[in-house]
Amino acid sequence: MPSEPNDLRPYSALDEVDRAILTELAADGRLPNNALAERVGVAPSTCLTRTRALREGGAIRGFHAEVDPAALGLPLQALVSVRLTAHERAAVDAFRARSVRLPGVVSVFHVAGAEDYVLHVRAASGDALRDFVLDHLAVDPVVQHTQTSLIFEQARGMG
């Protein structure tokens, strides 16, 4: 059973090869097993076994295609900061559970600081983004305040 995303204890047993596999797959999730094995310096059968174990153990959460949002009809992206009115665990957990299922939400970040959450959202237009905030966040009784920042450009980092 995979661990919680922020629980680092199960990963303390990962060795140099496991970490090299993770690094290579983070850079290119489509890397064929033979090429991956060559890059990390192990036999293809060993690489496949280790990659499966990393997936089953939760270190590899999944594989995805990075698609241009405009190709999906969602060219507008924003970061919506959310401050909650209540901070007891039940309210926080319930907000997180709801927010990840909202239409257009790409990622939900629980953050430290003046705001509690930052939602990465994609929308078809400025009107659709406004409607998202009004229809899903402003009406939520646990949401005290929102602030929307438009994303002009996104560049993927190496980490």
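Contact here means heavy atoms within 4.5 Å. The structure is a predicted model, in which local features need pLDDT of at least 70, side-chain atom pairs count only at pLDDT 80 or more, and totals for chains, interfaces and linings use all residues. Residues are numbered from 1 along each chain as its sequence is written, and side-chain values use heavy atoms, with hydrogens and water left out.

Neighbours within four places in sequence aside, L119 is in contact with A78, L79, V80, V82, F95, S99, V105, S107, V108, F132 and L137. L119 also belongs to the largest nonpolar core (a set of buried Ala, Val, Leu, Ile, Met, Phe, Trp, Tyr and Cys residues joined through side-chain atoms within 4.5 Å). Of the 20 residues in this core, V82, L84, F95, L119, F132 and L137 touch the most other members. At least two core residues come from each of β1 (76–84), α4 (89–99), β3 and α5 (126–137); helices (H or I, at least four residues) and strands (E, at least two) are DSSP runs, numbered from the N terminus. A second, separate core of 12 residues includes Y11, L14, A37 and V42.

Strand β3 (residues 117–123) also holds H120, which is buried at a relative accessible area of 9% (buried means under 20%, exposed over 50%, partly exposed in between; 1.4 Å probe, protein chains only). Among the contacts of H120 beyond four places in sequence are Q77, G104, F109 and Q154.

Turning to helix α1, its buried residues are D18, I21 and L25. These pack against α2 (33–40) and α3 (44–56), whereas E16, T23 and A27, on the other side of α1, are exposed.
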